[in-house]
Amino acid sequence: MSDDELREVAERPTGEAPRDGIGEEDNPIPSWWWAGFVATILFAAFYLPYYTFSGWSQRTQYDAEVADARARAAATAPSTPTANPYRGDAAAIAEGRETFTTICAACHKPDGTGLVGPSLVDPYWKYGNSDAVLFETVTKGRPGGMPAWEPQLGATRIWKVLAYVETLPKSDRPGLGAPGYTPPAPPTGR
Ligand code: HEC
């Protein structure tokens, strides 16, 4: 095509009949498209200032939801009391006594002075005798041969048996398992 011919095509008024099979139309944009275009601009006019000044963001919304979920989880999680809820409760202590004689006495002796397991009535504690530590000892067990009792007894019965252990008559002497322990002299004679 010569330059003249190209210019002629470029300058041809629209709506003219196609020449060489090439023509140009100027159809109006459909009104639904136009309405959508205007709507996005209007939306942006409100949304942009809103987003900028309201303080809302995905981050703050996320943080708020996480904090909310944490609070709900904390409210429903079974909390471990740090103090024995059954201390001094006669009915609970009677139940604890039952558990102690059937289970714990086999290793700690019915009076708690110790057999395979150490004495529970002397002033010496290997792991400590705060409520929380005792609860931990009995629920989770200890490596020196103390089984974990949580699966069999559950928290409530463990607190009750500990409430009972507390009522056992105490001995000032270091008992079985204590560092200064001397075994009682074997009985003499026959
Ligand atoms: C199979 C024998 C056995 C049974 C049954 C048993 N214990 Fe023990 N217990 C032990 C042994 C052994 C230890 C010492 C663990 C160690 O030194 O690591 C121990 C340690 C303990 C201690 C820690 C003492 C300290 O000085 O810190 C407590 C408290 C205790 N037992 C309570 C109980 C209670 C309550 C029960 C009943 C629910 C029970 N035990 C049942 C064997 C047993």
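**Entry 1: overall form**

I began with burial: 15% of the 190 residues in the chain are buried. I keep in mind that this is a predicted model.

Next I looked up the radius of gyration. The chain has 42 Å, whereas a compact globule of 190 residues would have one near 16 Å. I then took the spans of the C-alpha trace along its principal axes. They are about 140 × 40 × 25 Å.

I checked the domain division. Domain 1 covers 31-76 and domain 2 covers 90-167. Their C-alpha centres are 56 Å apart.

For secondary structure I found six helices and zero strands. Read from the N terminus, the order is α-α-α-α-α-α.

I also looked at contacts between residues at least 6 apart in sequence. Of these, 66% join residues at least 24 apart.

**Entry 2: the ligand shell**

Which residues are closest to the ligand? I noted Cys104, Cys107, Gly117, Gly144 and Gly145, out of 24 residues that surround the ligand. I then asked which elements give two or more residues to this shell. They are α4, α5 and α6 (150-167). Helix α4 has the largest share, with five residues.

I sorted the shell by class. I have 17 nonpolar, five polar and two charged residues around the ligand.

**Entry 3: the nonpolar core**

I turned to the largest nonpolar core, which has 16 residues. Val161, Leu162 and Ala163 touch the most other members. Helices α4, α5 and α6 each supply at least two residues of this core. The most come from α6, which gives seven. As a general background note, nonpolar side chains tend to be buried together in soluble globular proteins.

I followed Val161 further. I set aside its neighbours within four places in sequence. Val161 is then in contact with Gly96, Thr99, Phe100 and Cys104. Cys104 also appears among the residues closest to the ligand.

**Entry 4: Lys109**

I looked up the backbone of Lys109. Its phi is positive, about 70 degrees, although Lys109 is not a glycine. Most residues other than glycine have a negative phi. Where is Lys109 found? I place Lys109 in the loop between α4 (90-108) and α5 (131-140).

Is Lys109 buried or partly exposed? I count 19 other C-beta atoms within 10 Å, and the buried class needs 20 or more, so Lys109 is partly exposed.

**Entry 5: Thr113**

I stayed in the loop between α4 and α5, where Thr113 has its place. Thr113 has 18 C-beta neighbours inside 10 Å, so I log this residue as partly exposed.

What does Thr113 touch, not counting residues up to four places away in sequence? I wrote down Ser119, Val121, Ser171, Gly175 and Leu176. I also took the distance from Thr113 to Glu166. They are 53 residues apart in sequence and 13 Å apart in space, C-alpha to C-alpha.

**Entry 6: Glu136**

Last, I looked up Glu136, which lies in helix α5. With 15 C-beta neighbours inside 10 Å, Glu136 counts as partly exposed. The buried class starts at 20 and the exposed class ends at 12, so a count of 15 falls in between.

I then checked Glu136 against Ala148, twelve residues away along the chain. Their C-alpha atoms are separated by 9.1 Å.

Key:
Residues numbered from 1 in each chain as written. Predicted model: local features only at pLDDT ≥ 70, side-chain atom pairs only at ≥ 80, totals over all residues. Domains from an automatic or database assignment. Helix = DSSP H or I, 4+ residues; strand = E, 2+ residues; numbered from the N terminus. Rg over C-alpha atoms; globule rule 2.2 N^0.38 Å. Contact = placed C-beta atoms within 7 Å. Near = placed C-beta within 6 Å. Nonpolar A, V, L, I, M, F, W, Y, C, P; charged D, E, K, R; others polar. Core = buried A, V, L, I, M, F, W, Y, C linked by C-beta atoms within 7 Å.
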